[in-house]
Amino acid sequence: MKRVTLIASVLLLGALSVVNGQNVWPGDVNNNGIVNGVDALYWGLANGSKGSSRTNVTNSWQPQRTAGNWSGVFPDGTSHEYADCNGDGSVDELDLTEIIQGNFDKTHGTPAADKFLVGETDVDPRLIIQGGESGAGLGQLVQLSLALGDALNPVTDFYGVTFTLNFDPQWVKSASINLHPNTWIGNESQVKVFQVLNRATGKLFVTFVRKNKQPTSGSGMIATASVISEDVISTRENLRGESMPPLRFWIEDIQMIDHYGQDWPVVKPQPLEVPILDQQLETKTALWAYPNPANESVVIAMPQGRRESVKRVDVFNAQGQRMDLPYSPAMSGQFTLYMAGATTGWYVVKVWSETEVWTTRIYRL
Ligand SMILES: [Ca+2]
Ligand SMILES: [Ca+2]
């Protein structure tokens, strides 16, 4: 691996520490203005450190005056006290699982961007995501696996890695990650797995960090990811009898550190595409919509033979907010939805008849 000069970054972070003053924001361990997976990495570096406890301890998202008198420091000079998120004088798992988890994604001031070094192919270790070759049935579990480093470019002095697993929230119902049972990065007593799922934006924030101040070296499997696809998917593809778009996964914002807290570049994997098996589509996505993608209006109909008068229509945007969109008088299980007042993106349409509720997704161009 290549050594990377971090003097500029260290100077920048040092300057920020001064600007932010002597306050701990509970969860922002590297004191850069945002709580994210990098703070979980830094937590691992400081785990076990002890110092003075703070007065007026609270977990709430507000600045807490430092107690000082902590001997441990991160490479950029920030005190290990910032990893004592709950202010009890000790850095332990509660600081991670309660405070970093609870204040995840919160910001103060103007956050300074975390460093995500992009590796050079065939020079630096790569992160690999694979699996799902046999496809995903609707509503069913798909297992993915992740590896870090390979025989040609293994990882030396590994201490932790953080990254974001991205996916289309329209297609994925849930996602979680576990340590691979025989991974080289350590067992569950040596490695902390930290993850936060943001279902609305399609992001699983992941950190694997050792917690014993000892590095390890190796390559290969590190984790398995469990993903469940949505059980109701309706798009223009299946309405036209064409194949469904695949479930797509991609990884961003990778930071890997050694036991000194130094960053090492990692090669980002190519996006992974998992085909959706469509054997269940016929019975589960029978609501008809045309055209889809839609411009200003779209005709929506219940399937032939099951058309009843429409009792209610609800439209939700990708953030789950209910939209007030007009629709034509709903006769015989068919109506026109007017989308002039909707911006570009995905919408979920729910239609109530006397006896059933139908759902479909429409893309507004
Ligand atoms: Ca931070
Ligand atoms: Ca603590």
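**Note on helix α2, the cores and one sheet**

1. The buried residues of α2 are covered by elements including α3 (93-102), β7 (160-167), β9 (191-198), β10 (203-210) and β13 (247-257). Helices (H or I, at least four residues) and strands (E, at least two) are DSSP runs, numbered from the N terminus.

2. This is a predicted model, in which local features need pLDDT of at least 70 and side-chain atom pairs count only at pLDDT 80 or more, while totals for chains, interfaces and linings use all residues. Residues are numbered from 1 along each chain as its sequence is written.

3. Helix α2 spans residues 37-46, and ten of its ten residues are buried (20 or more other C-beta atoms within 10 Å of a residue's own, with C-beta atoms placed from the backbone). Among them are Tyr 42 and Trp 43. Just after α2, Gly 48 has a positive phi of about 95°.

4. The largest nonpolar core (buried Ala, Val, Leu, Ile, Met, Phe, Trp, Tyr and Cys residues joined through C-beta atoms within 7 Å) has 63 residues, and those touching the most other members include Tyr 42, Trp 43 and Leu 165. Helix α2 gives the largest share, seven residues. Domain 1 (7-102) and domain 2 (127-277) both contribute, so the core lies between them. The domain bounds come from an automatic or database assignment.

5. A second, separate core of 15 residues includes Val 298, Val 310, Met 339 and Ile 362.

6. An open sheet of four strands runs β20-β19-β22-β23 with antiparallel pairing (at least two DSSP bridges between paired strands). Its edge strands are β20 (322-323) and β23 (357-364). Six bridges join β19 to β22, and Val 315 stands opposite Val 349 in β22.

Definitions and conventions. Chains lettered and ligands numbered in written order. Buried ≥ 20, exposed ≤ 12 C-beta atoms within 10 Å, placed from the backbone. Contact = placed C-beta atoms within 7 Å.
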